[in-house]
Amino acid sequence: MEGRLNGYATLLNYRYMNLCVKAEPASLIPIVIRNLDGDEANFEDIANVMFADEYTFEILPNEQEMITNICKSLKETHPEFKLEVVKAAEENMLNTESDDEEEYHIICRMPEVNDDRYDILMDGVKVLYDQCKIEVGKVKASYTARLTTLMLGQSKEAIEEAKGSLEERMNQYTGFIDNYRTNKEKEIEDAHQKWMNEQNEESRHNQESAAAQGNDKGQSFNMYDDE
């Protein structure tokens, strides 16, 4: 029972990691890239990854010729990622065969959590949670029925103790999946708040710029009138 419950809880957490808000290394696990020989390879065999910030990966290809293949595979698995190929900063340069060879990295940014994406992510969190709860409920029903059969003829105290132990285990794993949902929703809420703050700041800046331009025009007009 615990193996199945742990499996469902772990799967839920993994799926939440792939509802990308921050730059999450687990989101790169499912990516398979075709290497220069035409064979499929795992992401970690093709490139190294650094964190530019909590919302951005910097991907360092082992071979420059792999950049196109890496970008293609990233977009196939996570079409929401924003990719940009840039010349590598000197401090991040990898060893290359030629000192004259320019090296390029891939900047991979997570999309902003605007109002539309906020709704999509929150809906996704709920759908995945509900699916997990259904499977956990099936496990509970199955083991409750099995326990009832196994406890036939046992004392009332023994039956109640066995049921209590089962309920305790179920509550433990229900707590795990509830926490996974709560943490993911907070991550989404924080990113959405970040986006709203940036929008407000941009709006304030635009208003100040417009006001300043208006004042300049007014001053020019007054000077013209004086003449």
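Helix α3 makes a good entry point to this predicted model: the elements that cover its buried residues include β1 (32–34), α2 (43–46), β3 (47–53), β4 (56–61), β5 (82–87) and β6 (104–109). The helix spans residues 67–77, and its buried residues are Ile67, Ile70, Cys71, Ser73 and Leu74. These residues lie on the same side of α3, because they cover an arc of only 165° around the axis. The other side of α3 carries Thr68, Lys72 and Glu76, which are exposed.

One of the covering strands, β1, contains valine 32. This valine is partly exposed, with a relative accessible area of 39%. Setting aside residues up to four places away in sequence, valine 32 touches Ser73, and also Glu40 and Ala41. Ser73 is itself one of the buried residues of α3. Asparagine 69 is 37 residues from valine 32 along the chain, and the C-alpha atoms of the two are separated by 9.9 Å.

Stepping back to the chain as a whole, the secondary structure consists of 5 helices and 6 strands. Read from the N terminus, the elements follow the order α-β-β-α-β-β-α-β-β-α-α. Of the 227 residues in the chain, 31% are buried. Contacts between residues at least 6 apart in sequence were also examined, and 65% of them join residues at least 24 apart.

The interior can be followed through its nonpolar cores. In the largest nonpolar core there are 24 residues, and Tyr16, Val21, Val113, Ile177 and Ile188 have the most contacts inside it. Helices α1 (2–17), α4 (115–150) and α5 each supply at least two residues of this core, and α4 gives the most, with 10 residues. Valine 113 shows what such a position looks like: beyond its neighbours within four places in sequence, it is in contact with Val21, Tyr118, Leu121, Ile188, Ala191, His192 and Trp195. A second, separate core has 20 residues, among them Met66, Ile70, Phe81 and Ile106. Here the picture returns to α3, since Ile70 is one of the buried residues of that helix.

Helix α5 runs over residues 156–226 and includes lysine 184. Is this lysine buried or exposed? Lysine 184 counts as buried, because its relative accessible area is 7%, below the 20% cut-off. Apart from residues up to four places away in sequence, lysine 184 touches Tyr16, Met17, Leu19, Val21 and Val125. Two of these partners, Tyr16 and Val21, are also among the residues with the most contacts inside the largest nonpolar core.

Aromatic rings add further detail, and 2 aromatic pairs are counted. The rings of phenylalanine 51 and phenylalanine 57 form a tilted pair, with centres 5.5 Å apart and planes at 45°. Phenylalanine 51 is partly exposed, at a relative accessible area of 48%, whereas phenylalanine 57 is buried, at 0%. The other pair joins tyrosine 173 and phenylalanine 176 edge-to-face, at 5.3 Å centre to centre and 90° between the planes. Tyrosine 173 and phenylalanine 176 are about one helical turn apart, because 3 residues separate them in helix α5. Tyrosine 173 is buried, with a relative accessible area of 7%, and phenylalanine 176 is partly exposed, with 33%.

Charged side chains meet rings too. Arginine 181 lies over the face of tyrosine 129, 4.6 Å from the ring centre. Lysine 194 places its charged end over the ring of tyrosine 55, at 5.0 Å from the centre of that ring.

Finally, a word on confidence. The average pLDDT of the chain is 85, and 86% of the residues score at least 70. Confidence is highest in β6, at a mean of 96, and lowest in α5, at 79. Over residues 223–227, pLDDT stays under 50, and the model has 0 contacts beyond four places in sequence for these residues. Where pLDDT is low, the predicted coordinates should not be read in detail.

How values were computed: Residues are numbered from 1 along each chain as its sequence is written. This is a predicted model: local features need pLDDT of at least 70, side-chain atom pairs count only at pLDDT 80 or more; totals for chains, interfaces and linings use all residues. Side-chain values use heavy atoms; hydrogens and water are left out. Buried means under 20% relative accessible area, exposed over 50%, partly exposed in between (1.4 Å probe, protein chains only). Helices (H or I, at least four residues) and strands (E, at least two) are DSSP runs, numbered from the N terminus. The arc is that of the directions from the helix axis to the C-beta atoms. Contact means heavy atoms within 4.5 Å. pLDDT is the predictor's confidence in each residue, from 0 to 100. A nonpolar core is a set of buried Ala, Val, Leu, Ile, Met, Phe, Trp, Tyr and Cys residues joined through side-chain atoms within 4.5 Å. Rings of Phe, Tyr and Trp (its six-membered ring) pair if their centres lie within 6.5 Å; planes under 30 degrees apart count as stacked, over 60 as edge-to-face and the rest as tilted. A charge sits over a ring if NZ of Lys or CZ of Arg is within 6 Å of the ring centre and within 35 degrees of the ring normal.
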